[in-house]
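User: Please take a close look at one part of this model, the part you consider best suited to a detailed description. Then place that part in the context of what else can be said about the model.

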Amino acid sequence: MFSWARPFLFCLLIALAGLIPGFAKAANDFPVGSRCHTLASSETSSAILARTRDAWTCGPSDWKVSGTQASYVRIDVRGRDLPADAVLTTRLTRYRSMTITAIGSDGRSITRNIESDDLRFSTTRWRMFTALPRLDGPVEAYVLKVTGPRHIGLLSDADVGSRAAPMAVGNRQLILAALCGLMLMPLILNFVFFRILRQRFILWHAAAVLAMLTQTLVSSGLINRFVRLSVTELCLLSTLSWAFMVIATLRFFIDLIEPETLTARQRFAVELLCPWFLFWSGYYFFADGVLLPSVAPLYYMSFLPIIATLLATIVLSALRGSRLVWFQIVGWTPLMLLGIARNLSILGLTDAPLGMMVEQHFAIAFEVAVTTLGVAERIMTIRLQRDHALAEARFQANLALHDPLTGLFNRRAIEEKFDTLLRTGFHTMAALDIDHFKAINDTHGHAAGDEVLRAVGRALAGDKDILTVRLGGEEFLLLLRGEDALERAERLRQAIPSRVAKEHTGLRKLVTASMGVYRLDMTCGHVPSFTEVYTACDELLYAAKAAGRDCVRSNVSIAPLPTTRLELVG
């Protein structure tokens, strides 16, 4: 009954002999030097999957991540002369787990789990690398298996090659260090500016510059020269620095631009962008599982409303005549173009995700330099406005304390600081009243009367020991200090007729003045008020008028002064 078995087995062996070359051919049917990628169950063996050609996509597009499946990348190394210390390098990105499998030409394989401590980080790029598994004999390909990659750059940027000396200092690092140093200067200047002018926009600019400096240090890899951080810590620093950079820049913008060139609605729209971007930054860092494929696209697309709102706002501000907005336009243009390019790549309009990290570093440094000039311009403008306001305030205060007609102090100026004047030796008060001033106004007009008052003011002009006050109308007041204060007050009174006659030759009569002088006795212990002294002085003035005018009355004796008789001509 087994007569049919031998012919059957013979045919089966022939069939298998014909199929085995086909299997071998299928296993090697990958383009030499290709990088292929696929999604499969995390339980799938990398070695088995590596020989299933139909499961792979060998092209620069259609890179995908999944929250439920593992991502595989097959890197064909046939024909490549790899050094003994070759490493796997890829974009620095968080993930849940990662393995690397070496596939030998003879079909053997070896797999290595990549732990967090196994990773090293570039000091010039946003990249990480780790050692490859060692396999005796020629290696045909390496298969990278990643679960939970948060960015397709971890897959599309994966490659094997030589390991750069981790601490070697090259031109790239020197340039990056120079860019960071360039950003340090505006940061220092901001604190100097804030000491000069305590404005909120200066602090926001300092916060933005600090965030930009942190972002450059982290994303350039320079930070890895000084501290040892994990993938999670580096990604957290990068995400936080971007978030604070955007938020601080937005706040800086609405505080910097001239208030009259931004409407309340525009300010509110820009302010809304802050919680908007903070939410998507948190989503980018924490979303996982089935949300994982949407993490990077939604995060980068969240920049689009920010760019659109800022473009509309700066255009409207420029149309309203803002000078400062041009600093923002020039400074932000490279960063905005960079953001648009990244969004186009994420949306699949280019072949692969664009890192553009070098461009980012230069764009950030350029933005810092230009917006710092905007800060300096705004500070100068505010200083000029403040100086003008102070000058105007001083002018108004001067008007409040001075008589607008003669420029002399008014009663308020003296009365407010009368106690201080007494303590500094002004113990003599003299009240003067121009004799028959109403007749001058009636005969020559009020304009002539005003000129007479100005001339009297100039005749009574004092010095450091004499303060001259116009109380109102034709009444003046003198505060004097010194032992000869009474005599000096009388000399000033007697100088009035000659001064007025010299400046106004058209007057028909001499302009004289009556004066009452009161000398305080500061030995009695009582410190009188202004009102008390002025009342006593005013009574003496009325006594001088009652005595026939053009004379003086005092509570103490005054040595007689020689008088000069004047005659009016005309």
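Analyst: A helix here is a DSSP run of type H or I with at least four residues, and helices are numbered from the N terminus. The model is predicted.

The part chosen is helix H17 and the sheet it lies across. Phe 530 and Tyr 534 stand four residues apart in helix H17, so about one helical turn separates them. Phe 530 is buried, with a relative accessible area of 4%. Tyr 534 is buried as well, at 14%. Further along the sequence, Lys 545 lies over the face of Tyr 542, 5.4 Å from the ring centre.

Helix H17 spans residues 530–546 and lies across S10, S11, S12, strand S13 (513–519) and S14. Its direction is at about 140 degrees to that of S13. The five strands make an open sheet of mixed pairing, in the order S11-S12-S10-S13-S14. At its edges are strand S11 (466–472) and strand S14 (552–554), each of which pairs on one side only. With direction ignored, neighbouring strands of this sheet are turned by 20 degrees against each other on average.

S11 and strand S12 (residues 475–480) run antiparallel and are joined by six bridges. One residue pair in this register is Leu 467 with its bridge partner Leu 479 in S12. A second helix, H15 (residues 446–459), lies across S10, S11 and S12, and runs at about 10 degrees to S12.

What surrounds Ala 431, setting aside its neighbours within four places in sequence? Ala 431 belongs to strand S10, which covers residues 428–434. Its contacts are Phe 476, Leu 477, Ser 514, Met 515, Gly 516, Cys 537 and Leu 541. Phe 476 and Leu 477 fall within the range of S12, Ser 514, Met 515 and Gly 516 within that of S13, and Cys 537 and Leu 541 within that of helix H17. Between Ala 431 and Leu 478 the C-alpha to C-alpha distance is 6.4 Å, while the two are 47 residues apart in sequence. The relative accessible area of Ala 431 is 0%, so it counts as buried, the limit being under 20%.

The aromatic pairs come next. The count comes to 14. In one of them, the rings of Trp 276 and Trp 280 have centres 5.9 Å apart and planes at 70 degrees, so this pair is edge-to-face. Both residues lie in helix H7 (residues 264–286), four residues apart, about one turn of the helix. Trp 276 is partly exposed at 34% relative accessible area, whereas Trp 280 is buried at 16%. The rings of Phe 530 and Tyr 534, by contrast, have planes at 0 degrees and centres 6.0 Å apart, so that pair is stacked.

An aromatic cluster is formed by Trp 242, Phe 277, Tyr 284, Tyr 299, Tyr 300 and Phe 303. The ring of Phe 285 has the charged end of Arg 94 over it, 3.9 Å from the ring centre.

There is also an open sheet of four strands, ordered S6-S7-S3-S9, with antiparallel pairing. Strand S6 (120–121) and strand S9 (159–161) are its edge strands and each pair on one side only. Strand S3 (residues 87–91) is joined to S9 by three bridges, and Leu 88 has Val 160 in S9 as its bridge partner.

Asn 224 sits in the loop between helix H5 (200–220) and helix H6 (231–256). Leaving aside neighbours within four places in sequence, Asn 224 is in contact with Phe 121, Ser 122, Thr 123 and Leu 234. Phe 121 is within the range of edge strand S6. Asn 224 is buried at 16% relative accessibility.

Finally, the cysteines. The count comes to one disulfide, formed by Cys 36 and Cys 58 with sulfur atoms 1.8 Å apart. The link is right-handed, with 105 degrees about the S-S bond. Cys 36 lies in strand S1 (residues 35–40) and Cys 58 in the loop between helix H2 (46–49) and strand S2 (70–76), so the pair ties together parts 22 residues apart in sequence. Cys 36 is buried at 0%, while Cys 58 is partly exposed at 28%. Elsewhere, Cys 180 is buried at 7% relative accessibility and Cys 235 is buried at 10%.

Key
Residues are numbered from 1 along each chain as its sequence is written. This is a predicted model: local features need pLDDT of at least 70, side-chain atom pairs count only at pLDDT 80 or more; totals for chains, interfaces and linings use all residues. Side-chain values use heavy atoms; hydrogens and water are left out. Helices (H or I, at least four residues) and strands (E, at least two) are DSSP runs, numbered from the N terminus. Buried means under 20% relative accessible area, exposed over 50%, partly exposed in between (1.4 Å probe, protein chains only). Contact means heavy atoms within 4.5 Å. Two strands pair if DSSP finds at least two bridges between them. A disulfide is a pair of cysteine sulfur atoms within 2.5 Å. Axes are lines fitted to C-alpha atoms, for helices over the stretch in contact, and angles run from 0 to 180 degrees between N-to-C directions. Rings of Phe, Tyr and Trp (its six-membered ring) pair if their centres lie within 6.5 Å; planes under 30 degrees apart count as stacked, over 60 as edge-to-face and the rest as tilted. A charge sits over a ring if NZ of Lys or CZ of Arg is within 6 Å of the ring centre and within 35 degrees of the ring normal.
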